[in-house]
Each structure stands twice: as C-alpha cells, then as structure tokens.
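User: Please take a close look at one helix of this model, from its covered side to its open side. A contrasting helix elsewhere in the chain may be brought in afterwards.

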Amino acid sequence: MWTVYSFTGAAILASIIFSLLLFLSIDDDPLMKFLFGGLAVIFELGKFFAWYEVGERKARRNYTGTLSAFTFYAVLAAISIGGSIGGINSATNKAQSEVNVQKSKINAFNMQIEAIEKQIDLNNVAAEKYIQMERIASGVARIQKQNDELRKQQQKLAMERDSIPVVSQGSVLGLIDSLAESLHVTPQAAQLGLVVFLSVLLDFFAAFFVGLIGEENRFRHQYRHNKVLEMAGYNEYEQPKLLEHFDPSTVGTSEVNVHEPEPEEIIVEPELPKTPYELAIDALSHNKVNCSKRAVSKFLNISTDEVDSIFKQLLDEGIVSKKPNNHYQWHGLTTTTS
C-alpha cells in the first residue's frame, strides 16, 4: 500500500503542478496569482475527493448519489484536464522557444553572410565592366579592395555564428518531431495531441489509484467489523448452526407427561399438522434454533418468502424485534398463541 500511496501522491502532485503552470500565467499580479493558484489546487483536490466519494456511494448501493458525485467529478476533471493541457503545453512551448531563439540567431548570421556574398558578386560584375572599359587601375583595384574587406566581415560573422552554443533538443521535442514526421502532420498538431494524451493519462492514472485506496479502506473497515463480530461469537460468513441439544426428529410431536398412568383410559387423538408459523414459534420459544431468518429457514426447510412472511407476522405481533444491526431478538410469547 505504501507503493500505491506513493504513486497516488506523485500523480496528484504532478496534476496540481501542471494546472498551476496555466493558472499562474493568467495574471502577473501577486494577489491574482495567489487566488488562481489556490483555485487550481482546490479543483485538483476536489476532483479526487469527488472520485473517492463515487466509490463510497457505489459500495453503499446509493446509485443516485453515485451519479451526482460522478457528475461533479466529470466537471472538475474537465477543468483539471484543461489546466493540465495548458500547463504541459506552456512548458513545452517554453522549451521550444529556447530552441527557436538559438535558431533565429543562427539564421540572422546566415542572412548577413548571404547578403555579403551577394555584394561581392555585384562587385565582381562591376569589375568586369571596368575591365571592358580598360579602367583596371582605377576601378578594378578599388573593387578588389572592397571585396577583401567584405570577405573579412564574412569570415568574422561565420566565426560568431559557429561560436553560438548549441541547444540540445529535449526528448519531448524530439518525440514531437518524430510524431509529426510519422503522422504527416505539423509539429503544432503533434504537440497538441501529445499534451492532450498525457493530460488525460495523468488524470486517469491518479483516479485509478485513488479508487484503489478507497477499495482498500473499505476492505479494512469490513475486515475489522467482522473481527469484532467474530469476537462476539457471530460470523456472517458461517452457516447458522442448530442448537446441539435439539433433536430435529421431535418437530411436530408433543410429549404427554402423566403422573398416574392409566393406559386403558387414555385416548390419543391424532394432532393436526402445525403451520410453518406455529412450528417457528415452537422452535424459537424452546430455544431449538437461533432467532434469525437463515436459521429458521434451514431448520424448517422452507423458502425465503415463507420465512420473510413468518418474521413479518412475528414483528407485527411484537414477539420479536429488529435491532439496529438488522438482527432479530426474541422476546417470547406474551399471549397464548393458537
């Protein structure tokens, strides 16, 4: 579970940071930065609390509450994913801008070098015309001197261009370029698709681990609850046991105790078969079975509907009562039951 907690905390922290990158860039005022930053944190934490509540209400079979909690989570998740997309996109754009600045510097030097090369070509054309006009000494010599100065400037610019430190392309930018080439789309489209995918994946990743923590907490609560019941002598997973001193063969029979037996004068009339309700009262009043639907159903071998009807009648007559934990308590017969 510590591994789960670590992954959950890291995913939530990353989601909050990416949302903060977007919300903090909305306004430069420190007060507004504080307000928007707090809003981002509230959205992120509220989203995961809502998802945790979805699991809690679903476990309690409160489907209306589950739907309302999921709707609330979906709204917060949409805001969070949008914030994460903006934050990741902002961070990627910043890295891309540094590369673009270096490229623009190199392009500026290349343009200057190219302009000097064009000027040298124009000077060479002029020199040819001076040669045709036989003004080599005056015109051509001056043009050659200008070309020598231009060549020196060109070499100096090339050295400055080559001295610019090379900005290494990050792995994310390399991935974007590779996606753009493989999918035949622009780098901007590839970047947008990548940040959307990463934002949604980050959100689902965190939501999965939050749900896993909820399942673990519910399991621990149920386990501790069952341990308390077992210590009290009750196990909800164990089949109800009949009382050991009871003989099931005696159900429906009655014993006749006669102090002065006179066999010749005793007339035994056959008893009418008892109803399931009477059998249940007889078994419960003589402690032949525990006061629970499962035990009575197993003891009398009757269906669930029949035992529900029996216990409803017992409740109506006040013979049994229902505890807060949904267990039944036998009070006994206060009046004669036929």
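**A helix with two faces**

Analyst: Ala 11 is found in helix α1. The model is a predicted one, and every statement here describes that prediction. Helix α1 spans residues 2-23. Ala 11 has a relative accessibility of 4%, and because buried means under 20%, the residue counts as buried. Setting aside neighbours within four places in sequence, Ala 11 is in contact with Leu 202, Phe 205 and Ala 206. Phe 209 lies 198 residues away from Ala 11 along the chain, yet the C-alpha atoms of the two are separated by 8.9 Å.

Leu 21 also has its place in helix α1. Its relative accessibility is 35%, so Leu 21 counts as partly exposed, a class that lies between the 20% limit for buried and the 50% limit for exposed. Together with Leu 13 and Ile 17, Leu 21 makes a nonpolar surface patch of about 250 Å².

Helix α7, at residues 276-285, offers a further case: it is mostly covered, with seven of its 10 residues buried. Those buried residues are Tyr 277, Leu 279, Ala 280, Ile 281, Asp 282, Ala 283 and Leu 284. Their cover includes two helices, α8 (293-300) and α9 (304-316), as well as the strand β2 (328-330). After α7 comes Asn 287, which has a positive phi, near 55 degrees.

In summary, α1 holds both the buried Ala 11 and the partly exposed Leu 21, while α7 is mostly covered.

Methods:
Residues are numbered from 1 along each chain as its sequence is written. This is a predicted model: local features need pLDDT of at least 70, side-chain atom pairs count only at pLDDT 80 or more; totals for chains, interfaces and linings use all residues. Side-chain values use heavy atoms; hydrogens and water are left out. Patches are made of residues with over 30% relative accessible area and no salt bridge: like charges are joined within 9 Å, nonpolar side chains (Val, Leu, Ile, Met, Phe, Trp, Tyr) within 5 Å. Accessible areas come from the Shrake-Rupley method with a 1.4 Å probe; for residues, only the protein chains shown count as cover. A salt bridge is a side-chain nitrogen of Lys or Arg within 4 Å of a carboxyl oxygen of Asp or Glu. Helices (H or I, at least four residues) and strands (E, at least two) are DSSP runs, numbered from the N terminus. Buried means under 20% relative accessible area, exposed over 50%, partly exposed in between (1.4 Å probe, protein chains only). Contact means heavy atoms within 4.5 Å.
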